[in-house]
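This report goes through one chain, from single residues to its cores and its main pocket. The sequence and structure come first.

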Amino acid sequence: MGGTKTEWVSVPHPSVKKSMGKELEFSNLADLVLLSDDLLASIMEALGMTKFYVAAAVCHTWKRAVKAKLHEWRAVSHVEPLSLTGVHGGFIRPTYIARLPNGNFCVADSHLQVVSPDGCMLGRMAGSLTVGDCRPWGLVCDGTSIFVALASSSGGGQLLQLALDGNLLCAAPLGSSPLTGRVRYPDGLALAASGLFMVDTRNDEVVAFDTVTLSVHNSFGGTGSAIGQLRYPLGIAAWGDELFVAERDNNRVQVFALEGGPRRLIGAAGAGPGRFYLPRGVAVTCGSSLNQPRLFVSEACCVQVLTLSGKPLQMFEFYGACMYFRMLSARQCALGLDSRRGHLHGLLADGPKMYVVDEGFQTLHVLKLCI
């Protein structure tokens, strides 16, 4: 052998080579697939907004995918306050808003205030609509007349039908009349093909009225947290053959058929997308700039945008309302008062804009819908 040193070289078996090649190929393919824009978009779609916080922490690529999906889903581009001008000095605890056929708006506060789209307060409609301790609360316009719910702090009130110039066409007492049943505290109003719908906050019901006679022809709900039951309902909106009702104390939106049958629940108590804290106002619109109908829900300090099935798409926080709400809640707690009063209230869709009534700051905000 002559002292020759033999060197041994390790040569992988062909089957091992093949396996190693597949692993390398799979690794490259996995990286390609997991970071592809199309697949990430599908992943984010499936995760939804409630899981975006976790998804964004995976890596920079996933974070960019989350931002891209949020941008795709957004319904609101920005918000701007409506600068109020005129001789009447602003609102006093405004609640709901309706659009008039001439393009102006009617806002319910201690009276009915008429406001132009650029924020000029044009005066009060029909003088003072206060009757005893009643004040305007919910209101809605069908294009030929205005329906107004007058609420009394002692319970009951009146349901009015006004001409567009403010003249009284019809009035029905609430809480004592056989025609209008036992409504104790009216709040939001909505119009649908089958009639006028009113939220009765203290009875936890929705009451359906005939728009001609203002008589009750149906009511549904009842106190509780089960589906079909309500707890402190406030805002209401009609879309197609469905009604959307915001429940403040159940922290959700409940969807009913027009005849009163419950269909589904949207949201639950909590913070974050798809969860609500003191929801008050609700509106549904396609607008002139949205491809699909969207559900808008006003809470204490923000407006959430969802699909009609309840999938959260966007949260739009109002910084001023948040600060006001925190200060007021702290003061109310110190005084032993009810701190569950939200501030953002009624919503109105008008073409490419969404108007938000701010009861706390006693003004209107304008949301620009995405084009």
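## Pro-312 and its surroundings

Pro-312 has a relative accessible area of 12%, and because buried means under 20%, Pro-312 is classed as buried. The model is predicted, and this value, like the others below, is computed from it. Pro-312 belongs to strand β24, which covers residues 312-317.

Leaving out residues up to four places away in sequence, Pro-312 is in contact with Met-49, Thr-50, Trp-73, Pro-273, Gly-274, Val-305 and Leu-306. Arg-275 is 37 residues from Pro-312 in sequence, and the two C-alpha atoms are 8.8 Å apart.

## The chain as a whole

The chain contains five helices and 27 strands. Of its 371 residues, 50% are buried. Among contacts with a separation of 6 or more, 46% join residues 24 or more positions apart. The exposed area of the chain is about 17,600 Å², of which carbon and sulfur atoms supply 56%.

One helix residue can be placed alongside these totals. Ile-43 sits in helix α2, residues 37-47, and is partly exposed at 21% relative accessibility. Its C-alpha atom is 9.2 Å from that of Ala-65, with the two positions 22 residues apart along the chain counted as their separation.

## Nonpolar cores

In soluble globular proteins, nonpolar side chains tend to be buried together. The largest nonpolar core here has 20 residues, and those that touch the most other members are Leu-100, Leu-112, Met-125, Leu-139, Ile-146 and Val-148. At least two residues of this core come from each of β4 (105-108), β5 (112-115), β7, β8 (145-152) and β9 (157-163). Another core, of 14 residues, lies apart from it and includes Val-303, Val-305, Phe-316 and Val-356.

Met-125 touches Leu-100, Cys-106, Leu-112, Val-114, Ile-146, Leu-164 and Gly-166, again without counting residues up to four places away in sequence. Of these contacts, Leu-100, Leu-112 and Ile-146 are also listed with Met-125 among the core residues that touch the most other members. Val-305, a member of the 14-residue core, is also one of the residues touched by Pro-312.

## The largest pocket

The largest pocket has a volume of about 610 Å³. It is lined by 26 residues, and Ile-97, Val-140, Leu-189, Leu-347 and Leu-348 are the closest to its centre. Two or more lining residues come from each of β3 (97-99), β7 (134-141), β11 (186-192), β15 (233-239), β21 (281-285) and β25 (344-350). By type, the lining has 19 nonpolar, five polar and two charged residues.

Strand β7 contributes both to this lining and to the largest nonpolar core.

## Positive phi outside glycine

Most residues other than glycine have a negative phi. Which way does phi point at Leu-214, positive or negative? Leu-214, which is not a glycine, has a positive phi of about 60 degrees. Leu-214 is located in the loop between β13 (205-209) and β14 (216-221), and at 0% relative accessibility it is buried.

Gln-362 is not a glycine either, and its phi is positive at about 55 degrees. Gln-362 falls in the loop between β26 (353-358) and β27 (363-369). With a relative accessible area of 31%, Gln-362 is partly exposed, whereas Leu-214 is buried.

Technical notes
Residues numbered from 1 in each chain as written. Predicted model: local features only at pLDDT ≥ 70, side-chain atom pairs only at ≥ 80, totals over all residues. Heavy atoms only, no water. 1 Å grid on protein atoms, 1.4 Å probe; cavity = no way out; pocket = protein on both sides within 12 Å on 5 of 7 lines; lining within 4 Å. Points joined across faces, edges and corners; volume = space filled by probe spheres on them. Helix = DSSP H or I, 4+ residues; strand = E, 2+ residues; numbered from the N terminus. Nonpolar A, V, L, I, M, F, W, Y, C, P; charged D, E, K, R; others polar. Buried < 20%, exposed > 50% of the residue type's maximum accessible area, 1.4 Å probe, protein only. Contact = heavy atoms within 4.5 Å. Areas by Shrake-Rupley, 256 points an atom, 1.4 Å probe, with all protein chains shown as cover. Core = buried A, V, L, I, M, F, W, Y, C linked by side-chain atoms within 4.5 Å.
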